[in-house]
Amino acid sequence: MKDKITLLKIFLLLLITIGLSSGCIGNQNQFANNNDDANVVKVHTSKPVDQSIANQAKEKVIKEEEISGVKAVNTDKELLLAVKVDQFDRFRLKNIEKKVKSDLEKAYPDYKILVSTDSKMYLELEQLEEKLQKDKIKMKSLKKEFDKIKSLMKEKA
């Protein structure tokens, strides 16, 4: 009888060990891919509007340690930029937004700059960037979508 109890204890201990170790393996990929957005995707297009200003702004902003992702689109006189902020730094969203905006206004004084830390704006600009990258957008629809995102940014501000 004691042998069966000892065998049962060993079996349960082995089962618990396997369960715990297999549960922790799944999180390794999450930590390895945590900073996917840290690389900046440069939008190369010249058909509707050259995006070199937006690309330069993204390069400047991504260097900040609290920012993990940047999306930006520009027209002739305006620049819309959305940033993804690391989880812990979300307590300082307004300060980060002001700092990024003031840095960009110094760097590009000829442009009207709108900056947002809202994830919806980030997604909207990401979609617009993808359309620009694929050259599947005309100047008229670019202006329309740009104005839509700009009005959403102004509402949130």
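Which residues have the most contacts inside the largest nonpolar core? In this predicted model, they are Val61, Ile67, Leu81, Val100 and Leu104, within a core of 19 residues. Helix H3 (93-107) is one of the elements that supply at least two residues of that core, and its buried residues line one face of the helix.

**The nonpolar cores**
- At least two residues of the largest core come from each of helix H2 (52-62), strand E1 (67-74), strand E2 (78-85), helix H3 (93-107) and strand E3 (112-116).
- H2 provides the largest share of this core, with 5 residues.
- A second core of 17 residues is separate from it, and its members include Ile137, Phe146, Ile149 and Leu152.

**Surroundings of Ile67**
- Leaving aside residues up to four places away in sequence, Ile67 touches Val61, Ile62, Val83, Lys84, Asp86, Ile96 and Val100.

**Helix H3**
- The 15 residues of H3 should span 21 Å at 1.5 Å a residue, and the C-alpha atoms at its ends are 21 Å apart, so the expected and modelled spans agree.
- Ile96, Glu97, Val100 and Leu104 are the buried residues of H3.
- Viewed down the axis of H3, these buried residues fall within an arc of 100°, which means that they line one face of the helix.
- An α-helix has 3.6 residues a turn, so residues three or four places apart point the same way.
- Lys98 and Lys106 are exposed on the other side of H3.
- The packing partners of the buried H3 residues are H2, E1, E2 and E3.

Terms used:
Residues numbered from 1 in each chain as written. Predicted model: local features only at pLDDT ≥ 70, side-chain atom pairs only at ≥ 80, totals over all residues. Heavy atoms only, no water. Core = buried A, V, L, I, M, F, W, Y, C linked by side-chain atoms within 4.5 Å. Buried < 20%, exposed > 50% of the residue type's maximum accessible area, 1.4 Å probe, protein only. Helix = DSSP H or I, 4+ residues; strand = E, 2+ residues; numbered from the N terminus. Contact = heavy atoms within 4.5 Å. Expected span 1.5 Å × (residues − 1). Arc of directions from axis to C-beta.
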